[in-house]
Amino acid sequence: MWMPRVLFSSLFTRMLFLCSLWLQIQQSAGPINTTLGMHIFCTGNTNTSKKSIRLPRGSWLSPHALPEINIDRLRMGEAMRKLVIQEIALACREQGCFQVVNHGISKSVMKGALKAASEFFKLSKEHKEKFVSADVQQPIRYDMSSRDGISTARSLLKHYANPLEDWVQFWPINPPTYRKKMGDYAAEIQGVSMQLMEAIFEGLGDKVGLAFHSDYGFITILLQSSAGLEVMHHEDDTWIAVPAIPGALHVHIGDNLEVLSNGQLESLVHRAILNPDESRISIASIHGLSMDEKVHCAKELVDEEHPEMYKESSFQESLDFLPSNMNNYKRFVESLKIDRDE
């Protein structure tokens, strides 16, 4: 079939861009689906008064509904794949996040991970305090906002997870099934992250743009036991309550994708709302490159009209940034922006 020279040239350039960008990431020091860390939260409190821990929701909540995308269709032929990639690109442009269903992770694996996390947080203070550390660079770290060792207004267990064989030795041995159940989930979430990252990069080939804190990796995939997450809409800065859809995973854009896309994608600002009436478990898997691998603006997205907007950085540098900025709510990606007015 004949097509105009200009159109053919545009399609050929786009194909080269996709191949170049995807190859650039895959040939880096770490694979694209490296799980930089798993942040496991327990929020809610059964031992403290409601008044002491209830956080106010935004003065208004956005009417925008979050997209729900069936990613099993990525494997249903080229035409269907293109349609799904368009859906993901639109979700990224308008909201910076979406829910995925039919992702291939069994309900038993997801329930097992949530149960293992819940059982860990129910352990005695003596079991959990072994992992307490003020050093954010420790391979495993436990922290709680209540500081009394009893209440669980907001407890956090953070550990690295990929390559699994390198990090599982640092994980808790209690509860006895923790390493097995959380390890099974960590292994399966790798495949999901690869599918999503490939689709997002293909969406970048169409040069679509995206559009309280943001995450440091390329994408964060969240599994939650109940509702409690709110995300900020890009256009009007209103808060959207993320529903807890049975079997679904929540996906949102991280700082590294904002940098790599030279600002075409924006990392998502989000927050958790504490519910004193029930305990909520959430497992956030942050996916990106290896610890010291630098992420920079893709050269294919930089030209005279679109100058480089961000300095390069690594995950290690984001960890170095945290200690002095943890309490002032400053986002790491903001520190990377190049001031073009100087």
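Which residue is the bridge partner of V231 in β8? In this predicted model, the partner is I240, and the first close-ups below show the strands around that pair.

**View 1. The open three-stranded sheet is ordered β8-β7-β10.** Pairing in this sheet is antiparallel. The edges belong to β8 (239-241) and β10 (270-272), each of which has a single partner strand, so one side of each is left without a neighbour in the sheet. On average, and ignoring direction, neighbouring strands here are turned by 25° against each other.

**View 2. Strand β7, residues 229-232, pairs with β8 in a hairpin.** Have a look at the three bridges that hold this antiparallel pair. Across them, E230 has A241 as its bridge partner, and V231 has I240. Six residues lie between the two strands of the hairpin. Within that turn, D237 is worth a stop for anyone checking backbone torsions: its phi is positive, at about 60°.

**View 3. On its other pairing, β7 meets β10.** These two strands run antiparallel and are joined by three bridges. One place to find the pairing is L229, which stands opposite A272 in β10. In a regular strand, side chains alternate between the two faces of the sheet. Here, L229 and V231 point one way from β7, while E230 and M232 point the other way. Are these four residues buried or exposed? All of them are buried, including the acidic E230.

**View 4. Strand β9, residues 249-253, is largely enclosed.** Why can it be described like that? Five of the five residues of β9 are buried, so the strand is largely enclosed by the rest of the structure. Both of its faces are covered: L249, V251 and I253 lie on one side, and the two histidines, H250 and H252, lie on the other.

**View 5. H250 links the view of β9 to two partner strands, β3 and β6.** Strand β3 (residues 97-101) pairs with β9 in the antiparallel sense over four bridges. Strand β6 (residues 219-224) also pairs with β9 in the antiparallel sense, over four bridges. To follow both pairings from one residue, start at H250: Q99 stands opposite H250, and L222 stands opposite H250 as well.

**View 6. R141 is a buried arginine without a salt bridge.** This residue lies in strand β4 (residues 140-144). Which side chain of opposite charge is nearest to R141? That is D143, 4.1 Å away; a salt bridge here would need a nitrogen-to-oxygen distance within 4 Å. Leaving aside residues up to four places away in sequence, R141 touches F131, S133, D135, V136, L156, L157 and K158.

**View 7. E165 is an exposed residue of helix α6.** The helix covers residues 164-167. With a relative accessibility of 60%, E165 counts as exposed, because the cut-off for that class is over 50%. G183 is 18 residues from E165 in sequence, and their C-alpha atoms are 9.6 Å apart in space.

**View 8. The whole protein gives the setting for the close-ups, with 10 helices and 11 strands.** Of its 342 residues, 50% count as buried. The accessible surface comes to about 16600 Å², and carbon and sulfur atoms account for 55% of that area.

Definitions and conventions. Residues are numbered from 1 along each chain as its sequence is written. This is a predicted model: local features need pLDDT of at least 70, side-chain atom pairs count only at pLDDT 80 or more; totals for chains, interfaces and linings use all residues. Side-chain values use heavy atoms; hydrogens and water are left out. Two strands pair if DSSP finds at least two bridges between them. Axes are lines fitted to C-alpha atoms, for helices over the stretch in contact, and angles run from 0 to 180 degrees between N-to-C directions. Buried means under 20% relative accessible area, exposed over 50%, partly exposed in between (1.4 Å probe, protein chains only). Lys and Arg count as positive and Asp and Glu as negative; His and the chain ends are not counted. Contact means heavy atoms within 4.5 Å. Accessible areas come from the Shrake-Rupley method with a 1.4 Å probe; for residues, only the protein chains shown count as cover.
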